[in-house]
Amino acid sequence: MIIHQNYSLKKLNTFGIDVRASFYVRIDSIADLQKALEKDWELPLMILGGGSNMLLTHNLERVVLHICIKGIEQLKLAEDKVQLRVAAGENWHELVLYCLEKGYGGLENLSLIPGNVGTAPIQNIGAYGVELRDVFLGCQVVSIKEGSSEYMDKAACQFGYRDSVFKRELKGKVIITSIDIELTTRDHFIKTTYGDIASRLKEAGIEKPSISDVSEAVIAIRQAKLPDPAQIGNSGSFFKNPELPRDQFDRLQQRFPDIPHYPAPSGRIKVPAGWLIDQCGLKGFRRGDAGVHQKQALVLVNYGEANGKEILNLAKHVQEEVMIRFGIQLTPEVNIL
Ligand SMILES: Cc1cc2nc3c(=O)[nH]c(=O)nc-3n(C[C@H](O)[C@H](O)[C@H](O)COP(=O)(O)OP(=O)(O)OC[C@H]3O[C@@H](n4cnc5c(N)ncnc54)[C@H](O)[C@@H]3O)c2cc1C
């Protein structure tokens, strides 16, 4: 267990916000975690993974536990399926690459999502028509208060669109230490209908794509569309795509006949938040070093020296403009601290 006092988190969050934590504790094993939880810090704890889904708006008078536990274990190998247990501190995209190398299918559409494996269940990460819940079996969690360990199956996690029980009832109460997933070893379910995957593959002359082909297409699309946090600070999509009741959507469609939309599993109608922001003329909008990305209006960026409060004020401005024009309340996808 490595401990630092008054520690800068600038390099540990993808917005690149320079705030300090009273204590930073690097957790490399379950034993480290137990020790850290037993200690009387006299300050609240905060859990940190890859720092790619948080906006830090002030110095944290907290003990930041950075979950860096590594390991991939094969639990079961049947004829056409494999079950893996993956430790929370593994990098998500490296897991995807590991699975592709082994010929395991199921994660290819989730290529290049930043962050760690242990955080993936929290917002049920998703992209290009696939969500974590499609391959998820369960996860091991440790209670922050009691230090006890428990296995939670998929039903207990209550997954929804960018949502789970970890964002609600269990928020701040448990630490996910590993996840179990089930992948295919053959007869993979290739999903190319979402976004530009099919057209990318067609351009490349690929008729029967492999899981690696799908992953490469997803990576190319993401690299073309989304700013790389290593170049420009950001946290991906800042807001969730709103899901509207049918009658509200119908009224909106009368005013804006071109409004893009698609059905949500909830029976509601999902509208791209990026389109709403773009329609407000905010794409490329900038206040100091805080800005709305020039190519992707859903992404707020730090051009260099913006602080967390400046990014938060920009987010509020975007919410107000969308509310005035469309009567829709945008909800942040990013965790604001
Ligand atoms: C460029 C970019 C693109 C992105 N694209 C997508 C996308 O396509 N789809 C998508 O779903 N997301 C996307 N995201 C968001 C982000 O990648 C995911 O939310 C990811 O799961 C965050 O992981 P993290 O480890 O970085 O989380 P962190 O930012 O470290 O933590 C997020 C929250 O989880 C808590 N937490 C962290 N680890 C644990 C743990 N082990 N146990 C309990 N709580 C924990 C933290 O306290 C915090 O509240 C994108 C982000 C960026 C920067």
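R162 sits in the loop between helix 3 (154–157) and strand 12, where helices are DSSP runs of H or I with at least four residues, strands are E runs of at least two, and both are numbered from the N terminus. What draws my attention to R162 is a positive phi of about 50°, although R162 is not a glycine. Most residues other than glycine have a negative phi. R162 is also buried, with a relative accessible area of 14%, and here buried means under 20% relative accessible area, exposed means over 50%, and partly exposed lies in between, with a 1.4 Å probe and protein chains only.

Before going on, I should say that this is a predicted model, in which local features need pLDDT of at least 70 and side-chain atom pairs count only at pLDDT 80 or more, while totals for chains, interfaces and linings use all residues. Residues are numbered from 1 along each chain as its sequence is written, and side-chain values use heavy atoms, with hydrogens and water left out.

A second residue of this kind is L112, which has a positive phi of about 65° and is likewise not a glycine. L112 is found in the loop between helix 2 (92–102) and strand 8, and L112 is partly exposed, at a relative accessible area of 26%.

The loop between helix 2 and strand 8 also holds Q123, a buried residue with a relative accessible area of 9%. Leaving aside residues up to four places away in sequence, Q123 touches N53, R162, D163, K167 and E333, where contact means heavy atoms within 4.5 Å. With E333 there is a polar contact between the two side chains, at 3.3 Å; the term stands for a pair of N or O atoms within 3.5 Å, and within protein one must be able to donate a hydrogen and the other to accept it, with residues adjacent in sequence counting only if both atoms are side-chain atoms.

Q123 brings us to the ligand, since I47, G50, S52, T119 and Q123 come nearest among the 32 residues around the ligand, near being defined as having a heavy atom within 4 Å. Which atoms of G50 approach an oxygen atom of the ligand? In G50, a backbone N or O atom lies 2.7 Å from a ligand oxygen, whereas for S52 the partner is an N or O atom in the side chain, at 2.6 Å. For P114, a backbone N or O atom is again the partner, 2.7 Å from an oxygen atom of the ligand. The protein covers 92% of the 990 Å² of accessible area that the ligand has on its own, computed by the Shrake-Rupley method with a 1.4 Å probe. Strand 3 (45–48), strand 8 (126–127), strand 12 (174–184) and strand 13 (233–237) each contribute at least two residues to the shell.

Turning to the cysteines, how many disulfides does a search of the whole structure find? The search finds zero, a disulfide being a pair of cysteine sulfur atoms within 2.5 Å. For C99, the nearest cysteine sulfur, that of C139, is 17 Å away, and C99 counts as buried at 1% relative accessibility. C139 is buried at 1% relative accessibility, and the sulfur of C139 is unbonded because the closest cysteine sulfur, in C157, is 4.1 Å away, too far for a bond.

Finally, L337 lies in the segment after strand 20 (335–336). The C-alpha atoms of L337 and L56 are 5.1 Å apart, although 281 residues separate the two along the chain.
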